[in-house]
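Me: Please take a close look at the salt bridges in this model, and then at the spaces and the surface patch that go with the same helices. I am a first-year student, so plain words will do.

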Amino acid sequence: MTRQAQRRDNPESKRAAPLELFYDLVFVFAISQVSHLLLEHLTLAGAGRAVMILLAVWWSWNYTTWATNELDPETNAVRILLIALMLASLIMAIAAPEAFGDKGLLFAGAYVSIQVGRHLFLTFVVAEKGTLERERAGRILTWLIAAGVFWIAGALTTDVARVGLWIIALALDFSAPLVFFRVPGRPRLAGETWDLATDHFVERFGLFVIAALGETIVITGTTVAHLQLDVMTVTAFGGAFVGTAALWWLYFTATREIARHALAESSARTQLARDYYTYGHVLIIAGIILTAVGDELVIAHPTDRLSSAQMIAVIGGPAVYLVAQTALRLRVTRTLSRPLISGVLACAAIGLVGGAWPGMIVSALLVTVLVVVALVEEANQLKGFPVEPDRRGRQGRPVD
C-alpha cells in the first residue's frame with residue numbers, strides 16, 4: 001500500500017470509523033480513573049494532580065484525533081497504529097491513579113510512547129521525504145520528544161520534583177500548538193498547513209463529550225447499585241440523571257452546532273479548531289468529571305451537609321461546564337451569552353448559601369439551574385443563529 005493511500009481521499013465526506021469509536025472506549029475508563037482519583041483525594045493537592053492526569057489523557061486523545069482527521073482508518077497500517085495506541089492508552093489509564101506513586105514510570109512511559117510513537121509513524125511511514133506532511137509531522141515530533149524528556153525524568157524522581165518536571169512537560173505540550181510547533185532554524189508553518197475535515201472533527205470531539213457523559217452515568221448507576229433504594233437515594237439519583245441530560249442538551253443543541261457553522265465558514269479554520277476544540281473542550285470534560293464526582297457524593301449521602309471540599313466539587317462541576325460553554329461561545333461569536341453567565345452566577349450563589357442545606361437540596365438547585373439555562377438557550381437557538389446579540393445590538397458572527 002502506498003503512503004498516500006493511508007490518507008483520506010476525500011476528507012470532507014468522511015465520518016468517524018468504527019475503529020475510532022472502539023478506540024474511544026479506553027477513554028471512558030481513563031475518565032473514570034480521573035474521577036476516582038479526585039474522589040479519593042478531595043484536597044487542593046489531589047485536585048491539582050487529577051488535573052495533570054486529565055490534561056495528559058486529553059492530550060494523547062486530542063493528538064490522535066488530529067492525526068486521524070487526515071488518515072484513513074480503514075487501511076491496515078492505520079488500523080495497527082490505532083490498536084497499538086489503544087493498548088498504550090489502556091496501560092496509561094491503569095497507571096493513572098498511582099501516577100504520582102509507584103506507577104509513575106508506567107504512566108509516563110505509556111504517555112510518551114503514545115505521543116512519540118504516533119508521530120514517528122506520521123513522519124516516517126505516512127509522509128514522503130521532502131513533503132510538507134513530513135516537515136509538519138517532524139516539527140510536532142520534535143516538541144513531543146522534548147516534552148517526553150521531562151515526562152520520563154519526572155517519573156524517575158518522586159514527590160515535588162515529579163510534579164515540577166511534569167508541569168514543565170505539560171507546559172511544553174500545551175504551548176506547542178500556540179506557536180504552530182516552531183523549531184529554530186526552520187521556516188514558520190501557517191495554520192493552512194493543516195487540512196481539516198470539519199464534519200469528522202466536530203463528530204469526534206462530540207463523541208468524546210458523549211464518552212465523558214457516559215462515564216457520569218456509569219458512576220451514578222454504580223453508586224446507586226450499592227445502596228438501599230429508599231426515597232432519598234432514588235430522588236438524588238433522579239436529580240443526577242436529569243442534570244447529566246441537561247449537560248448533554250446544552251452541548252449538542254447549541255454549542256456543537258455553533259462550532260460546526262463557524263468552522264465551515266472560517267477562513268482560519270485551523271486556528272479556530274485549535275482554540276475551540278484542542279484547548280476549549282478540555283474545560284468541558286473537566287466540568288463533566290467534576291459533576292460526576294459531585295453526583296456520587298450527593299447520592300451516597302443525600303441528607304448530609306456538604307463539607308467545604310465537597311461543596312466545591314458539587315458546585316464546581318456545573319459552574320466549570322457553564323464557564324467553558326461561555327468561553328467557547330465568546331471565542332466563536334465574540335458574544336457573551338446572558339443565560340450562561342446567569343447560570344454561573346446562580347451556581348456561585350448556591351455555593352455561598354448551600355452549606356446549611358443537605359447535599360440533595362444543593363444538587364436539586366444546581367440541576368434546576370442547568371435545566372433552565374438549557375431551555376433558555378434552546379429558545380434562543382430557535383430564534384436564529386447565533387443565539388445571542390452582542391452589546392452593540394448586532395447579531396454576533398462566527399470569527400476567525
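Reply: A residue counts as buried under 20% relative accessible area, as exposed over 50%, and as partly exposed in between. The model is a predicted one. By the cut-offs just given, Glu 135 is partly exposed, because its relative accessible area is 21%. Arg 139 has a relative accessible area of 3%, so this residue is buried.

These two residues are partners. The side chains of Glu 135 and Arg 139 form a salt bridge, with 2.7 Å from N to O. Both belong to helix H5, which covers residues 132-155, and they sit four residues apart, so about one helical turn separates them. In general, side chains of opposite charge can pair when their charged atoms come close. The structure has twelve salt bridges, and two others are taken up here.

In helix H8, residues 231-265, Glu 257 and Arg 260 are three residues apart, about one turn of the helix. Their side chains meet in a salt bridge at 3.5 Å, N to O. Glu 257 is partly exposed at 27% relative accessibility, and Arg 260 is partly exposed at 24%.

The next bridge joins two helices. Arg 331 and Asp 275 meet through their side chains at 2.9 Å, N to O. Arg 331 is in helix H10 (residues 308-333) and Asp 275 is in helix H9 (residues 269-300), so this pair ties together parts that are 56 residues apart in sequence. Arg 331 has 21% relative accessibility and counts as partly exposed; Asp 275, with a relative accessible area of 21%, is partly exposed as well. Elsewhere, salt bridges with shared partners link Asp 199, Arg 256, Glu 257 and Arg 260 into one network. The H8 pair described above, Glu 257 and Arg 260, therefore belongs to a wider set of partners.

Now the spaces inside. The count is two cavities of 30 Å³ or more. The largest cavity has a volume of about 340 Å³. It is lined by 20 residues, and those closest to its centre are Trp 66, His 119, Ile 140, Phe 181 and Trp 194. Helix H2 (44-68), helix H4 (104-126), H5 and H9 each give two or more residues to this lining. Sorted by class, the lining of the largest cavity holds eleven nonpolar, four polar and five charged residues.

The second largest cavity contains about 120 Å³ of space. Its lining has 13 residues, and Thr 291, Asp 295, Pro 318, Ser 363 and Leu 366 are the closest to its centre. Two or more lining residues come from each of H8, H9, H10 and helix H12 (359-383). The lining of the second largest cavity is made up of seven nonpolar, five polar and one charged residues.

Helix H12 also takes part in a feature on the surface. Leu 352, Val 353, Trp 357, Ile 361 and Leu 365 make a nonpolar patch there, and together they have about 460 Å² of accessible area. Helix H11 (338-353) and H12 each provide at least two of the residues in the nonpolar patch. One of the patch residues, Ile 361, is placed in helix H12. With a relative accessible area of 38%, Ile 361 is partly exposed.

Methods: Residues are numbered from 1 along each chain as its sequence is written. This is a predicted model: local features need pLDDT of at least 70, side-chain atom pairs count only at pLDDT 80 or more; totals for chains, interfaces and linings use all residues. Side-chain values use heavy atoms; hydrogens and water are left out. A salt bridge is a side-chain nitrogen of Lys or Arg within 4 Å of a carboxyl oxygen of Asp or Glu. Buried means under 20% relative accessible area, exposed over 50%, partly exposed in between (1.4 Å probe, protein chains only). On a 1 Å grid over the protein atoms alone, a cavity is a set of points where a 1.4 Å probe fits but cannot get out, and a pocket is an open set with protein on both sides within 12 Å along at least five of seven lines; lining residues have an atom within 4 Å of a point. Grid points are joined across faces, edges and corners, and a volume is the space filled by probe spheres set on the points. Ala, Val, Leu, Ile, Met, Phe, Trp, Tyr, Cys and Pro count as nonpolar, Asp, Glu, Lys and Arg as charged, and the others, Gly among them, as polar. Patches are made of residues with over 30% relative accessible area and no salt bridge: like charges are joined within 9 Å, nonpolar side chains (Val, Leu, Ile, Met, Phe, Trp, Tyr) within 5 Å. Accessible areas come from the Shrake-Rupley method with a 1.4 Å probe; for residues, only the protein chains shown count as cover.
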